[in-house]
Each structure stands twice: as C-alpha cells, then as structure tokens.
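Let's take a walk through this structure together, one neighbourhood at a time. Have the sequence and the 3D view open so that you can follow along.

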Amino acid sequence: MTTFRWYLVGLVLLFGAYVALEYYRPKPLDWSPSLSSKDKIPYGTFVLFDALPQVLGTDSVASVRQPIYNQLLGSEEPRLQGGRPANVTFDNDSADTANDQAAAALEAAALPLTNTQAQYIFINQEFTASSLETNALLRFVAQGHTVFIAAESFERTSRGPTLADSLGFRTYPADSSFTRMLAPGVGRADSVALHLLRPGSPIFWFSPAAASYRLALTARRAHRGATLAADKQGRPVLLRLDHGRGHFYLCSVPLAFGNYWVLRPRTADFAFAALSCLPAGHPAWWDEYQKQGRAGEQSLLRVVMAHPALRTAYYLLLLTGLLFVLVEARRRQRIIPTIKPLPNTTLLFTRTVAGLYQQGRNHARIAEKKTALFLDYLRTRFHEPAPNLADEDFRERLSQKSGVARPRVDELVRLINFARTAPAVTDRELLILSRAIQDFKHESR
C-alpha cells in the first residue's frame, strides 16, 4: 500500500471518529420556553399535562388544536344568522374602540356557543386573540364557565381591544434591569419569592427570569377581582376576575408551569395550587393551538383536497396544463435549411493570377513579389529589421546566421539584383531565381 493510500485511510478513520463523537455526544439541554404538552424539555409542560386529570379531579382533559373561535362556537367561518343580531353588549373598558369593532362583535354575539361544559386552560408566554375570539371568551365565561390563562403578555391578532383591555388589567415586568437567562441558578440571593394568599401557604422560590412579570388591576375593575398569589412586595401574580356567572383566572408567570419547576419539590405546589382553584370534576380543554398550530394537514390546498370534486378538478387542471406545455413546446417555425460553407478557392485564385502573368510572357512582376517575400523572410527568420543586400557586412552576417556558404549567398544576391533591375524576366530566369530561394531556405533550416 502506497503512502497516499495510508493517508487516505487515516483521513477516513478520523472523519468516522468525528461523526461518531458528534452523534453520541450528549445533547445540550434545550431551555427554550415552548410550554407545549408534548415537550419534555425544562420549559415544556409534559409533566403538568400528564398530572392535570388528578389536579382537576376529572378524566376528561382534551388537547385543543384549533382557534378559540372554532372551539367555542363550533364553526369554521363567522357568519350572520337571521340578519342583524340582537342582544349585543360591549365591555365598558373597550368603549373607545367599540365603534371600530361593532360589526365583528355583533357577528360573534349572534352565533350560539357550543353546549359542551368545560373549562379552558391556556399556558403561553404570549396570549393572542382576535376581537371575535375575545368576545367569544367573554360570552363563554359570562355563561358560567371558567378560563385559566397564564401568560406574560396579551396581544391582539386584529384591530380591536385585547382581553386585558376588556377585563381591565395589565401585565408589566417587575424588574427590567436583569438579563433574561432561562437556565435558573440555585441560590436564593437573586431569587423571587411567591406565595399564595391563604393561611399556611409556603413560599415558592423562582428565578427572576421565570417570574419576571406582575399583574395590575385598573381602578374600575379592582372590585371585580381577587388576588390569589403575590410576590414578597405584594404585587399580584395570580388573579381571579369575575365576569358574569363565571371566572377568569390570570397568572403572569407561565414559566412556573414548566417541567423544571413542576418537578422541583419546593416549587411544584405553586402550579398545582394555581390550577386547583378551578372547579373540580369539570371537563377541561388544554389549548395547544397557540403553540403547535392546527392538527392535521396544513397545506394551502387542504380545502381542495378535502372534497372529491375539487380534488378531481385540481388534478385535471394540472394534467391540462402539462398537455398544453408539451403541445406548445413544439417548434412552430419552418425548418431552417442547411447552408453549406463556402469552398476555399485560394489555390484556384492563385493559379488564375499566375496564368495571367504567364500569358504576358514577362515575369518581372512575379520575380519582384518573390524577392519581396524573401526579404520579409529574412526579417522574420534572422531578425534583420532592414535587409540591405548591397552591404558586405549584412551578407557576411546572413551567411553566418543561416549556415549557407558565402559564395552561395553572393550568387543569390546577384540573382535578386538582376530580377529587380532587368526590364523583362524569362521563364528560365524566374525558375532559376525560385530554385535558388528554395535551396537557401532549405539549407538555412
């Protein structure tokens, strides 16, 4: 085996060792806050979702993978029933935007809510809802149901009031000076203490990143809510807001429901105690739509593929388009004829011109051109910029460069001078000159 092959084998072994090392190397811990029920990472909610039936005292816990509007109203598209809906109410805090959202709110209020009795649970970093979904949630709770939302911020997906605007609360960061590191430390020096407002409640220690937001009620809503948990300074992190015959439970520390904090003995009871405020024995909906999206096929053609007629029409359209491309791809212009290249008539032209010279019986012009070509040969072959046949030094130098004897060079010069000065050149004289030039070229090679 050659040295090159040994090097090649060594490189292959090194590459294989590197691949094996990367494959079997322990994967770094993922601290991204997904809060999804299928994730077992530190900030997934697999443990909490698995224990939820025991916490709520019910075996009916369903994971929801569709928007709030579809879940509560059981409809894919908003529509009006029986013309203009009646019995529509607006929240007082959203009066400044009620005119802009009147049509949407009236439309949502006209649709009947689903008859399923359940409590809705949202564990997200950001809770997003459109004006239609916000109105549906308000009606759902007003009829006596319960909604639990753990989120750090409440955003809108369309123009209109958010759920925070409608219920009269807000979330705000407790301290914006720290750098958010989701991998928590162990010590309590920089930890945040949370406790439930009930007798004998222990103190739960969280990292500042996990419990960085607080809740605040507006003045007009203060009498409609109750603080269930707060930090050491008394700032709420868990609220109950009454709405109609039902309740909203709002928590500003959603990361406390992650696997990391639920599995820690000193913080696990916070998530379970917060969810234990919900009515026991009622079916529960666990929202996964805002974290994983819809379940099933999500392509742009899902509606077309769901109906046999539309699916057949789509395939026929593709087939027709393919046939059109194949038919139109043919050449539609006339066949381009093959044009033969012009023949090389240089030799014929030369023979014709030579014949004209020969008919005149005077070869002085031909002799003059042959001597001119010979002088050009001397310039290019022997690097003589200005050949002077009358110069003795030039003839001696030409004899030395070409290797031709000096008498032969003198004879060739005599013939050239004769051809230049003679009034007429016969066939024999032209032939002698041509042979002398050819012999010189042959000997000089």
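T371 is found in helix α13, which covers residues 364-381. Keep in mind as you look at it that this is a predicted model. Is T371 buried or exposed? With a relative accessible area of 3%, T371 falls under the 20% cut-off, so it is buried. Leaving out residues up to four places away in sequence, T371 touches I416 and L433.

L433 leads us to the partner of α13, because it is one of the α16 residues that meet this helix. Helix α16 spans residues 427-444, and its axis lies 10 Å from that of α13, at an angle of about 15°. Angles under 35 degrees count as roughly parallel, so α13 and α16 are roughly parallel to each other. Their crossing is left-handed. On the α13 side, the residues that take part are I366, A367, K370, T371, F374, Y377, L378 and R381. They meet L430, L433, S434, I437, F440, K441 and S444 of α16. Sorted by class, this contact holds nine nonpolar, three polar and three charged residues.

Now step past the end of α13, into the loop that joins it to α14 (392-402), where you will find H383. Most residues other than glycine have a negative phi. H383 is not a glycine, yet its phi is positive, near 55°. Its relative accessible area is 65%, so H383 is exposed.

A positive phi also turns up elsewhere in the chain. L35, again not a glycine, has a phi of about 55°. You will find L35 in the loop between α1 (3-24) and α2. Is L35 buried or exposed? Its relative accessible area is 1%, so L35 is buried.

The loop between α1 and α2 also holds S37. S37 is buried too, with a relative accessible area of 10%. Which residues does S37 touch, not counting those up to four places away in sequence? They are T45, F46, F49, S63, W286, E288 and Q292. E288 deserves a second look: S37 and E288 are 251 residues apart in sequence, but their C-alpha atoms are 7.6 Å apart in space.

From this loop we can move on to α2 itself. Helix α2 (residues 46-56) and helix α8 (residues 268-275) have axes that come within 10 Å and cross at roughly 50°. That angle makes α2 oblique to α8. The crossing of α2 past α8 is right-handed. L48, A51, L52, V55 and L56 are the α2 residues of this contact, and they meet A271, F272 and L275 in α8. What classes do the residues of this contact belong to? Eight are nonpolar, with no polar and no charged residues among them.

Helix α8 is mostly covered, with six of its eight residues buried. The buried ones are A268, F270, A271, A273, A274 and L275. One of them, F270, brings us to the largest nonpolar core, which has 36 residues. Within that core, I121, F148, F257 and F270 touch the most other members. The element that gives the most to this core is α8, with five residues.

I121 is a good place to pause. Apart from neighbours within four places in sequence, I121 is in contact with L52, L56, F148, L278, A284, W285, W286 and D287. You have met some of these names already: L52 and L56 belong to the α2 residues that meet α8, and W286 is one of the residues touched by S37. There is also a second, separate core of 31 residues, including F122, A129, L132 and L250.

Finally, zoom out to the whole chain. Its secondary structure comes to 16 helices and 13 strands. Of the 445 residues in the chain, 38% are buried. How many of the contacts between residues at least 6 apart in sequence join residues at least 24 apart? The share is 69%. The pair of S37 and E288, 251 residues apart in sequence, gives you a place in the view to look at such a separation.

Conventions
Residues are numbered from 1 along each chain as its sequence is written. This is a predicted model: local features need pLDDT of at least 70, side-chain atom pairs count only at pLDDT 80 or more; totals for chains, interfaces and linings use all residues. Side-chain values use heavy atoms; hydrogens and water are left out. Axes are lines fitted to C-alpha atoms, for helices over the stretch in contact, and angles run from 0 to 180 degrees between N-to-C directions. Helices (H or I, at least four residues) and strands (E, at least two) are DSSP runs, numbered from the N terminus. Angles under 35 degrees count as roughly parallel, over 145 as roughly antiparallel, 65 to 115 as roughly perpendicular and the rest as oblique. A crossing is left-handed if the near helix is turned anticlockwise from the far one by less than a right angle, and right-handed if clockwise. Contact means heavy atoms within 4.5 Å. Ala, Val, Leu, Ile, Met, Phe, Trp, Tyr, Cys and Pro count as nonpolar, Asp, Glu, Lys and Arg as charged, and the others, Gly among them, as polar. A nonpolar core is a set of buried Ala, Val, Leu, Ile, Met, Phe, Trp, Tyr and Cys residues joined through side-chain atoms within 4.5 Å. Buried means under 20% relative accessible area, exposed over 50%, partly exposed in between (1.4 Å probe, protein chains only).
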